[in-house]
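Here is my notebook page for today. Have the model open beside you and follow along.

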Amino acid sequence: MNGEHIIIVHQEASRGIDWKAIREDFPILREHVHDHPLIYFDSAATTQKPRSVLDALRNYYEHQNANVHRGLHFLSSRATEAYEKSRQRVADYIGAASADEIVFTRGTTESINLVAQAWGGKFLREGDVILLTEMEHHSNLVPWQLLAERIGARLRFVPVRDDGTLDLDQLPNLLTREVKIFGFTHVSNSLGTINPVADLCRKAREVGAVTLVDAAQSAGHMPVDVQELGCDFLAFSGHKMCAPTGIGVLYGRAEVLNSIPPWHGGGEMIVTVTLEKSAFKKAPHRFEAGTPNIAGAIGLAAAMDYIEQIGRAAIFEHDSKLTRYALERFSELPGMRVLGPSDQRGAIVGFVMDTAHPHDLTTFADQYGLAMRGGHHCNQPLMRRFGVPGTTRASFYFYNTVEEIDRMMEILRDAVRFFS
Ligand SMILES: Cc1ncc(COP(=O)(O)O)c(C=O)c1O
């Protein structure tokens, strides 16, 4: 499903939702920073956590904590049941055909490394092409660079246009039969661009390439259904969607996932072990060596329950309204340049100011309790592409308000005066 589809189909999904009441579910949003009410505009880096997720973690440690899979005692069965139920919750959330297609990882980065090392290590040969885009986060670049160097594969990139969209006119020249995998982000973490995932997956299939979607910035923000998207792999992080840090997901289509050898060895992922050799469990357990992040998986399931209660279409609409409003207000500020498309974007606004480095501007804003992010956002090649050292990035989520954007504008107006 591409962004256009989401906006058209789900318009007015958020009608009647009490967003102010929802905000009350996030205790941290009552904090004061440097004597100012906290304005948290850094959700693209990590989101805040609602009380129901914090309660689920506490409940787990108070009533369920034991190691999973190996124990024959009551608590271990309880923990195992909760852990595997969370896997099913994730499968339902992204429309996977089965819980066996869900591998728990530490996050998007680990999920992509798993694909690069285990899938790439088995199926890629010298001279094969790995197609990525110029807007990839370092976590969807570096693992492929490491692999390419090791096996002699070649990297190709879909360029980004000045308006922050992918230059898809180039695709026929780039997505050729030499391409074995096409990895791309759903939503750019610097530009906010929403890429037409389903279309890209279809085109990749036509040349026999496997697809990997980086859903770090979309999984908590909009409807994401792996079967509708038609991808082979999809990676995301719990902490960017109301869940704790240290838990993430790799979805792999059953046929593809079952064709991959293990990547980490250890306990939990084996059937039998002799001193010389081991036999491994099927996916997904063969990819989860060692004691997993049990509490994290349970917290992720609680986060998904929470998000689904609001509705991802409603969240997307709310995010979009905030973003549109922020973009309009930015045009009032002299000497500010916003990067990225003017519409069809996630709740991310990256901007540069003529007179101040992003670090200075972000530090200035922090003095007023406004938390943004300044720098290259793990997008160094993209920053180079736009000829900037970095940007200041305001990123929103459903707990943010129009009033907070108004306050941001006052602070930025002060910054324009201060740095002029
Ligand atoms: C688009 C994108 N991909 C990947 C990542 C990496 O996520 P993590 O650090 O949770 O592994 C991020 C984090 O900012 C991201 O925005």
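How far is an oxygen atom of the ligand from a polar backbone atom of Thr108? I looked this up and got 3.4 Å. That fits my cut-off for a polar contact, a pair of N or O atoms within 3.5 Å.

A note on what I am reading: this is a predicted model, where local features need pLDDT of at least 70, side-chain atom pairs count only at pLDDT 80 or more, and totals for chains, interfaces and linings use all residues. Residues are numbered from 1 along each chain as its sequence is written, and side-chain values use heavy atoms, with hydrogens and water left out.

Next I checked two side chains. An N or O atom in the side chain of Gln217 is 2.7 Å from an oxygen atom of the ligand. For the side chain of His239 I also found an N or O atom 2.7 Å from a ligand oxygen atom. The ligand taken alone exposes 390 Å², and the protein buries 85% of that (areas by the Shrake-Rupley method with a 1.4 Å probe).

Then I listed the residues near the ligand (a heavy atom within 4 Å). Among them are Thr109, His137, Ser139, Asp214 and Lys240. Sorted by class, this shell has one nonpolar, nine polar and two charged residues; Asp, Glu, Lys and Arg count as charged.

Last, I zoomed out. I counted 15 helices and 17 strands in the chain (DSSP runs of at least four residues for helices and at least two for strands). Along its principal axes, the C-alpha trace spans about 70 × 55 × 40 Å.

Note on methods:
Polar contact = N/O pair within 3.5 Å; in protein donor to acceptor, adjacent residues only side chain to side chain.
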